[in-house]
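Me: Could you walk me through this structure, one question at a time?

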Amino acid sequence: MFDLLQKAVDSAISSGAAYSDARILNSKSRSISARNGDVEDFNQSESIGIGIRALVGSSWGFYSTYDLSDKSLVNAGLKAHNIAKASAKVPGKEFPLADVPIVEDEYTTPHEKNPFKVSSTDQINLLVKSTEEMKKNGSSHASGRLDFWDTEKWFFSSQGHKIYQNIVESGGGISSLSIGDGETQIRSYPQSFGEYRTGGWEVIESFKFENEVERLAEESKRLLTAPQCPEGTRDLILEGSQLALQIHESVGHAIELDRILGWEAAYAGASHLDLNKLNKHKYGSKLMNIIADATLPGALATFKYDDEGTPAQRVNIVEEGIWKGVLTGRDSAAIAGVSPGGMVRADGYGRIPMVRMTNVGLLPGNSSLDEIIEATDDGVYMETNRSWSIDDIRLNFQFGCEAGWLVKNGKITDMVKNPTYTGITPNFWASMDMLAGEDEWVFWGTPNCGKGQPGQVGHTGHPASPARFKNVRIGVKG
Amino acid sequence: MKYWNQFLEEAKKHIPKSIDCEIKMISSTNSLTRFANSHIHQNVEEEVADIYLTVHKDDKTITLNSNITSIDSPKSLIDKALAEVENSPNDTGWAGMPESDSSFNSYKEIEPKNPEERAGKVKDFIEVGKDFNAAGYCSTSVDHYFVWNTNGLESSDSTTSAFIDGIFRTETSSGSSHRGGTSLEDIDSETAGIEAFKLAKDSQNPKDIDPGKYEVVLGPEAVSTILVFLGVYGFNARSKIEGTSPIQMNSQQFDEKLTLIDDPHRDKSLGFKIDASGAPKKTLEIVKDGVPKSLFHTRRTAKELNEDNTFHELFGWGDSFGGIGTNIYLNPGSSTKEDMISAVERGIYINEFWYCRVLDPITQVVTGLNRNGSFLIENGKITKPVGRLRFTQSFIASLAAGNVISLGSESRFADSEFGEGILNVPMLHLKEFNFTGGVSG
């Protein structure tokens, strides 16, 4: 494969590109969904292709094709160059690429059971049985989903990188939807839209759906008659997967350097963060320590090299509440004068690599969920995301959760439905005063992060444990 | 076309007579020139050629999807499907395939646009913005779709699209505009740039206003987002089957000024005229004078509800997602933008919504924000730009009888929360819209 990549890259360089790199991907995916004991979809997909980047002046040109013939590869390099060159009609300032080690290496995701070698019948049966059981327990619509990806990537650059990686990812989840009089309520496990990690079939086995089906059906039904979440300002306790999404939306996207530099302004938006305030800006309370770490074993965004050949690493993003780091690529890092952090990935061979969250997580504290609840006089505990919305500079957010429980005098009391909370990013994080410890620290995964034009779907990880936030506005209604 | 014909000819030799089989291919050239900080920073082109093979045998179904490079031969793909379909469970919802008389053939050879042409459009947009910071994209695409099945259907279609979408930014403001059509030549990027520039210029130094219920005048992008939510979640027959659709058929659920038509066959409509099953999409009156009249169906939803298929199955999604209308036109009214603003006593002009999410599908209560140009209107005049506001509002209620004051007289393709080219809409003047938060939360 490296010979094929070199043909394309050499063609781009000989056409006049200052730098070029290319990736060949051989991708397999399998997705299975079931509803009420029947299989709804069973799809398998395979693709092979090349994506090549060429840097000419101030612009990247990118071309991708499924055609790996010699003639096509030479044409791909030429096209990538010509596409970049056409940008000279509206040029910017030329930029260098930050230096990274030039390596030849290979890596395979550690996994026990390749999900494509596990019988699809067993995978289907797991979903059929789980959804059947939820339906029997009174769910109006019981649904389940499993997804598996096995991606081989070969990366070659005009600077000499030769990297092979085989990334294996598995995930899924189950949900019970209950329909009442003009409303729906849902409970999901392990989190809404499922939980995803690097690894094999053992990831799914660890979820033990069979232990949760009865609870999900019962809770979704009970929510229909539960009282509404009260409106007002109270202490808010978030379960880990909801906190993971809070991190994703109000920290992860805000620290993407391409956003901060304005490259995503028209679509995904920019950021409230200003590079002049790096190392000074107060992002949150002293309990807030955020990392971006692509080396965490089993987390969804774990790999050995990113799609620019930069080694995976841990970068401190927030230390004791002070903003310290950003998510970078080789181009954005050079422009901003920071170190490249190995955070550039692309959605398949057909999309240009861009800054992507790795495993952006909140380091654990030294409390526990039980202790947090015991220490709360008047609050609401919320579990599992149901809706999420945040402005385009990542300041003003509103989240809805599947279920909430009132906390009174240190005890969980009544279940409440339609719990929502809203806030402003730095004020919210500054109000975090209790954080659960390592025992409850989970590597939550988000397999559906949208960014870029043309659109790309990214897989990101968000380690988190439950936490408490003081005086948050809850119970916003339409 | 040549590859498709060769693949199909070979594949037919290896398909057993006793099975239902459907083969589809999409081939595309998608190109996008992206600009930020007033220069082109990314410029991409993607060649796609994917085959989808569905086999239904002994009440079991499987779909395999491969790009053409990963297929050793048509025979090997068919053999793989025949082997793996044995592992599939019974498919109780299988609804068959269209018959040969639904064949539709409209394949055309089309040369893709080149990056210099897109760069020219970008330049036209940026240059009207003087010293403001511009960002956005100009895209072009050529798509071909082929379908064949063992009922004898053989269909093809070709389509092109072009879009420009951009913003201008200042330290305190931004303004956006959007244009779409079937050809790049029809895209007036200079006018789009002028609109975006004016919005950015006029919305500098916005003032905070208190949340609450306001009268609103909505630009085409904001209207498009409201309607796309109703299209995807409401008029999708799958939602009706699941009991999560808010739509009440044949009742006066919406204001009588609203008539929505899905018409893939209208001149300059975007996208394929056939659905994923290969049959021509039907033109539908979705809402007539405020009364819901039709749902978007696929083969499976039509079978399940025992209604006629409307052929709105989405390519690449399978049919588990249900039917989606992708050529929705909101009939225009007679008001100009100036008429609408002058009729507002105290309200807000919203150019665009952002990050809208459904809190509950049945009530269609949605939360989201405004962006890229919002202004307070007082006594019929725009008085000042306003900052970020969060709304929490039922989209159904926003279009309910009595809440629609007027519709704009001009329509265009508008961007939406779920993408571009789906909706062609005018502006809307609504009596009440619920804003639940401001800049301070």
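Me: In which sense do strand β12 and strand β19 of chain B pair?

Reply: Happy to help, and please keep in mind that this is a predicted model. Strand β12 (residues 328-330) and strand β19 (residues 423-425) of chain B are joined over two bridges. In one of these strands, β19(B), Leu423(B) is the bridge partner of Ile328(B). The sense of the pairing between β12 and β19 of chain B is parallel.

Me: Which strands are the edge strands of the open sheet in chain B?

Reply: The order of the six strands in this open sheet of chain B is β11-β10-β9-β12-β19-β18, with mixed pairing. An edge strand here pairs on one side only, and in chain B that applies to β11 (291-292) and β18 (412-414).

Me: Which residue in β3(B) stands opposite Ser45(A)?

Reply: Here we cross from one chain to the other. Strand β2 (residues 38-56) of chain A pairs with strand β3 (residues 60-67) of chain B over four bridges, in the parallel sense. Opposite Ser45(A) in β3(B) is Asn65(B).

Me: Which strand gives the largest share of the side of chain B that touches chain A?

Reply: The contact involves 67 residues of chain A and 75 residues of chain B. On the chain B side, 27 residues are nonpolar, 34 polar and 14 charged. The largest share is 11 residues, and these come from strand β2 (residues 39-57) of chain B.

Me: How many residues does domain 2 of chain B bring to its contact with domain 1?

Reply: The domain assignment splits chain B into domain 1 (2-121 + 137-159) and domain 2 (206-441), and their C-alpha centres are 30 Å apart. Domain 1 of chain B brings 17 residues to the contact, whereas domain 2 of chain B brings 15 residues.

Me: Is helix α5 of chain B enclosed or open to the outside?

Reply: Its length agrees with expectation: at 1.5 Å a residue, the 15 residues of helix α5 (residues 220-234) of chain B should span 21 Å, and the end C-alpha atoms are 20 Å apart. As for its surroundings, 15 of the 15 residues of α5(B) are buried, so the helix is largely enclosed by the rest of the structure.

Me: And how are the buried residues of α5(A) arranged around the helix axis?

Reply: Helix α5 (residues 213-225) of chain A has buried residues at Val213(A), Leu216(A), Ala217(A), Glu219(A), Ser220(A) and Leu223(A). Down the axis of α5(A) they fall within an arc of 170 degrees, so they line one face of the helix.

How values were computed: Residues are numbered from 1 along each chain as its sequence is written. Chains are lettered from A and ligands numbered from 1 in the order in which they are written. This is a predicted model: local features need pLDDT of at least 70, side-chain atom pairs count only at pLDDT 80 or more; totals for chains, interfaces and linings use all residues. Two residues are in contact if their C-beta atoms, placed from the backbone, lie within 7 Å. Ala, Val, Leu, Ile, Met, Phe, Trp, Tyr, Cys and Pro count as nonpolar, Asp, Glu, Lys and Arg as charged, and the others, Gly among them, as polar. Two strands pair if DSSP finds at least two bridges between them. The expected span of a helix is 1.5 Å times one less than its number of residues. A residue is buried if 20 or more other C-beta atoms lie within 10 Å of its own, exposed if 12 or fewer, and partly exposed in between; C-beta atoms are placed from the backbone. Domain bounds come from an automatic or database domain assignment. The arc is that of the directions from the helix axis to the C-beta atoms.
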